[in-house]
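Subject: Structure for you to look through

Dear colleague,

I am handing over the structure below, and I would be glad if you kept it open while you read. My notes on what was found in it follow underneath.

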Amino acid sequence: MLALTELGQRLRQERENKGLSLEDLQKLTKIQKRYLLGIEEGNYEVMPGKFYVRAFIKQYCEAIGLDTDAIFEEYKSDIPSTQTEDMPQQLSRVRSRKEIPQHTKGVSKAYDYLPTVLVVAGVVVVGIIIWVIAQNIVSDKNKEQANQEAPNSEVQQSNTQEETNETTAKNDNSNSEDEQSAADKKEQEKEKAEKEKAAKEKAEKEKAEKEKKDSGKQEYKEVQKTGRSATYALSGTDAFNLEVTSTQADTWLDVKNGKGNAFFSSILKKGETKEFDLTKETEARVNIGYSPGVELKVNGKAVDLPFDSSKQVRQVVTIQYQPAEAQ
């Protein structure tokens with residue numbers, strides 16, 4: 001590989017600073033990559049001639065935004081000279097806007113569009129003429145049709161009035177029927193709501209009476225107490241409903257039947273209540289991880305925990321249930 005000239009080093013550094021590869025520069029300048037590489041390496045022998053060397057360097061500088069005149073002056077010792085310094089403009093594919101006279105561009109564009117403008121104007125004029133003729137024809141036909149239909153206008157007006165009256169009567173009847181239907185529907189919904197309310201109140205009353213009756217006969221007594229576990233016997237009732245509420249903090253709660261099947265085994269959040277219907281079970285085991293602030297209710301009646309929660313934080317309560325009908 002040839003040693004880079006100062007000009008070649010300067011050009012390569014500017015190109016890389018702008019994040020351009022030789023392939024990118026080839027697309028911008030349309031100069032073959034091997035010639036661009038020759039400029040950077042100072043290997044001008046690969047060029048078609050000395051004149052092309054200067055032309056290609058000029059395009060290279062313009063593509064990366066360098067002042068061509070300043071580069072030619074600063075690195076004139078690295079650039080081969082030719083008999084004339086003028087380069088044909090057609091060889092410079094990267095031309096700045098200032099090289100093209102603005103007034104010439106404007107006149108050229110105007111001449112380019114002139115035929116199109118004339119054709120469009122002609123089409124518009126022809127369209128307007130056709131539209132005016134069509135409007136006159138339509139107007140004449142409308143006048144003739146109006147003269148022919150004039151004798152029948154009174155009859156048509158009378159028929160239209162009758163049809164309007166008939167339609168109004170039908171609409172009135174329809175509206176009346178709709179209003180009656182809406183009123184009937186509203187009355188039915190009201191009756192249904194009253195029946196549902198009465199049924200709910202009756203069910204709540206029966207439930208309260210049953211709980212009151214059961215609580216009167218219900219017996220909940222301690223059977224055994226060891227370590228952190230205690231066993232209680234529930235009798236004198238046909239229901240076994242358990243409620244567990246955490247009032248102070250989250251706690252671990254595990255509720256299983258006598259066979260070890262879990263009804264709940266997770267965190268009981270502060271302020272949360274879990275209800276369990278254990279009527280079909282003969283035994284329930286309640287494992288409380290953090291007993292302070294935990295409340296137990298059996299069939300709606302609060303029962304005490306077996307141990308002082310300040311001394312025994314984790315407590316296990318086993319409840320043995322015998323239905324009243326089996327006693």
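Before the first residue, one term is needed: helices (H or I, at least four residues) and strands (E, at least two) are DSSP runs, numbered from the N terminus. Please also keep in mind that this is a predicted model. In these terms, the chain has 7 helices and 10 strands, and buried residues make up 27% of its 327 residues.

Let me begin with Val313, which sits in the loop between strand S9 (301–303) and strand S10 (315–321) and is partly exposed, with a relative accessible area of 35%. Although Val313 and Tyr290 are 23 residues apart along the chain, their C-alpha atoms are separated by 5.4 Å. If residues up to four places away in sequence are set aside, Val313 touches Ile288, Gly289, Tyr290, Ser291 and Pro292.

One of these, Ser291, belongs to the loop between strand S7 (283–288) and strand S8 (294–298). Is Ser291 buried or exposed? Ser291 has a relative accessible area of 1%, and it counts as buried because buried means under 20%. Besides Val313, the contacts of Ser291 outside its neighbours within four places in sequence include Leu305, Ser309, Gln312 and Gln315.

Turning to charged side chains, a search of the whole structure finds 10 salt bridges. In one of them, Glu74 pairs with Arg10, and the closest N and O atoms are 3.6 Å apart. Glu74 lies in helix H5 (residues 68–74) and Arg10 in helix H1 (residues 6–17), so this pair ties together parts that are 64 residues apart in sequence.

Another salt bridge joins Lys33 and Glu23, with the closest N and O atoms 2.6 Å apart; here Lys33 is in helix H3 (residues 33–41) and Glu23 in helix H2 (residues 22–29). Both partners are partly exposed, Lys33 with a relative accessible area of 33% and Glu23 with 38%.

A third example is the salt bridge between the side chains of Glu222 and Lys225, at 3.5 Å from N to O. Salt bridges that share partners also join Arg10, Glu14 and Glu74 into one network.

Finally, there is a negative surface patch, formed by Asp184, Glu187, Glu191 and Glu194. Within this patch, Glu187 is placed in helix H7 (residues 153–217) and is partly exposed, with a relative accessible area of 42%.

With best wishes

Technical notes:
Residues are numbered from 1 along each chain as its sequence is written. This is a predicted model: local features need pLDDT of at least 70, side-chain atom pairs count only at pLDDT 80 or more; totals for chains, interfaces and linings use all residues. Side-chain values use heavy atoms; hydrogens and water are left out. Patches are made of residues with over 30% relative accessible area and no salt bridge: like charges are joined within 9 Å, nonpolar side chains (Val, Leu, Ile, Met, Phe, Trp, Tyr) within 5 Å. Accessible areas come from the Shrake-Rupley method with a 1.4 Å probe; for residues, only the protein chains shown count as cover. A salt bridge is a side-chain nitrogen of Lys or Arg within 4 Å of a carboxyl oxygen of Asp or Glu. Lys and Arg count as positive and Asp and Glu as negative; His and the chain ends are not counted. The place of a charge is taken as NZ of Lys, CZ of Arg, CG of Asp or CD of Glu. Buried means under 20% relative accessible area, exposed over 50%, partly exposed in between (1.4 Å probe, protein chains only). Contact means heavy atoms within 4.5 Å.
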